[in-house]
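User: I'd like to learn how to read a helix and the confidence scores in a model like this one. Can you walk me through it?
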Amino acid sequence: MTDDFNTVSDDDLNAYVDGVLSPEQRARIEKWLERNPARAEEVRQWQAQAVELRAHFAGYARSDVRDRALLSRAAQGDNAQPAPDRVAPHLGRRMRAIAAGLALFAAGTLTGLYAPALLTADTEIRPIAVADSLPRQAQSAFLVYASEVRHAVEVGADEQSHLATWLGKRLDHPLSIPDLSSLGFSLVGGRLLPVNGRAGAMFMYEDGTGQRLTVLLGRNDDNRETSFRIDSANGVETFYWIDGPIGYAVTGEVPRELLQQVADECYRQFEKSEATKS
Amino acid sequence: MSQSRNGDDEDAGEHPASDRFEEDVLALVPALRRYARSLVRSDPDGEDLLQDCVEKVLSRRAQWRGVNLRAWAFTIMTNLGRNRHRYVAMHPQVALDEDLGLQAEDRESDPLERSRLERALNGLSPENRSVLMLVVIEGYRYQDVAEMMAIPIGTVMSRLSRARRQLAEAMKDDNVISMRRPK
């Protein structure tokens with residue numbers, strides 16, 4: 001963004017935080033930050049902020065049973081608002097009675113936000129939230145746990161079979177833990193994590209230099225398949241894919257080629273264990 | 001993996017009234033819901049904004065140029081969010097209702113942390129806030145944001161810096177003086 005080797009602009013720092021720089025540019029910024037601790041602290045805050053913001057809003061990227069109704073209301077140019085009292089005039093008598101009951105209930109406890117969900121008959125939806133938020137959740141998990149020294153995992157690699165059984169049970173999906181030793185990574189352990197609000201599993205790996213990778217698995221209600229996708233933020237790369245009921249995400253702060261090899265290897269091994277189980 | 005899901009795959013003929021365009025919009029709703037919520041003060045307000053946006057997307061369908069529906073819908077949402085912000089600023093009683101909504105919200109994460117971040121975000125201008133959300137949460141490139149908001153890329157960058165600094169500053173203040181109560 002600027003040619004002068006000695007100058008680093010706000011634009012450069014933003015691009016650094018947003019992970020859109022080449023490795024050479026990153027190295028230049030990092031060198032500069034070493035000599036400018038105040039700006040380095042600022043960059044650290046920006047990075048933490050980004051993680052916090054993503055985590056804060058991730059849960060909202062979900063489908064809702066009334067999305068289709070939302071669309072048909074909107075298509076009719078109907079100005080109905082989600083609050084029950086404003087929805088009521090557009091509904092039949094029976095529905096108005098339900099809405100009235102709900103409004104009473106909502107007044108005391110909720111905000112009324114969920115009331116129309118019970119009023120819609122057509123509940124068929126196809127969530128895309130998993131594909132959308134999986135890499136973000138994987139990156140948050142990586143950033144939080146990969147830097148943990150003592151509590152990076154709940155169950156260590158020494159209890160590998162217990163780990164697979166336990167997490168498989170919570171995920172409600174038989175599970176085998178990928179062996180990445182051919183790529184120089186050994187298992188550190190695993191933990192239970194919320195993924196899209198349900199139980200998910202994370203495995204952590206480490207190479208000889210302490211470089212870490214995580215493999216995240218979460219339920220995918222959508223039950224479809226996707227190709228490999230890549231998502232990077234703040235220099236953290238994630239390969240992710242969805243295979244029927246499970247979404248997978250492989251995350252690390254390593255070169256993309258290496259991460260792809262890891263993702264390929266995981267995919268191959270998950271496929272194989274799938275095949276032997278079914 | 002043979003659990004059957006009712007009609008997940010062949011829904012083409014199931015909803016004769018809705019067409020491909022509406023299906024595409026429907027698929028965007030989760031992302032739009034998140035973006036809407038990231039621009040406003042409360043959950044009900046987010047759902048409200050989402051509804052306004054979906055309505056506008058459908059009614060302006062003829063104006064869509066056929067490329068990148070997602071970016072187009074996000075642009076519409078950005079503008080609606082800015083208008084709403086102005087409206088709320090002029091009608092304080094609306095803001096009061098929304099604050100009630102925020103308190104009624106019950107999530108598993110630390111509510112204090114959540115409201116701390118929300119307060120800091122509410123201090124941002126709507127322009128700076130949208131740029132921050134489009135880049136950080138929605139993952140748009142700077143150039144995309146410039147096109148979506150019809151502003152020069154330099155403006156995107158300065159808004160982004162300003163949003164980040166202001167947010168960091170607000171969070172810092174909040175750490176030192178935590179006497180303000182949510183109610």
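Analyst: Sure. This is a predicted model. Let's begin with burial: in α3(A), the buried residues are Val43(A), Trp46(A), Gln49(A), Ala50(A), Arg54(A), Phe57(A) and Ala58(A).

User: Where do the buried residues of α3(A) fall, seen down its axis?

Analyst: They fall within an arc of 150°, so they line one face of the helix. Turned away from that buried side, α3(A) carries the exposed residues Pro37(A), Ala38(A) and Glu41(A).

User: What should the 22 residues of helix α3 of chain A span?

Analyst: Count 1.5 Å a residue, with one less than the number of residues as the multiplier. For α3 (residues 37-58) of chain A that gives 32 Å, and the end C-alpha atoms are 31 Å apart, so the two agree.

User: Now chain B. Which elements does it have?

Analyst: Chain B has eight helices and zero strands. Of its 183 residues, 38% are buried. Among its contacts with a separation of 6 or more, 70% join residues 24 or more positions apart.

User: Which helix of chain B has the lowest mean pLDDT, and which the highest?

Analyst: Helix α4 (residues 92-104) of chain B is lowest, at 41, while helix α6 (residues 126-136) of chain B is highest, at 95. Across chain B the average is 77, and 69% of the residues score at least 70.

User: Where in chain B does pLDDT stay under 50?

Analyst: One stretch is residues 1-17 of chain B, with eight contacts beyond four places in sequence. Another is residues 93-108 of chain B, with 20 such contacts. For the complex, the predictor gives an ipTM of 0.77 and a pTM of 0.51.

Conventions. Residues are numbered from 1 along each chain as its sequence is written. Chains are lettered from A and ligands numbered from 1 in the order in which they are written. This is a predicted model: local features need pLDDT of at least 70, side-chain atom pairs count only at pLDDT 80 or more; totals for chains, interfaces and linings use all residues. pLDDT is the predictor's confidence in each residue, from 0 to 100. Helices (H or I, at least four residues) and strands (E, at least two) are DSSP runs, numbered from the N terminus. Two residues are in contact if their C-beta atoms, placed from the backbone, lie within 7 Å. A residue is buried if 20 or more other C-beta atoms lie within 10 Å of its own, exposed if 12 or fewer, and partly exposed in between; C-beta atoms are placed from the backbone. The arc is that of the directions from the helix axis to the C-beta atoms.
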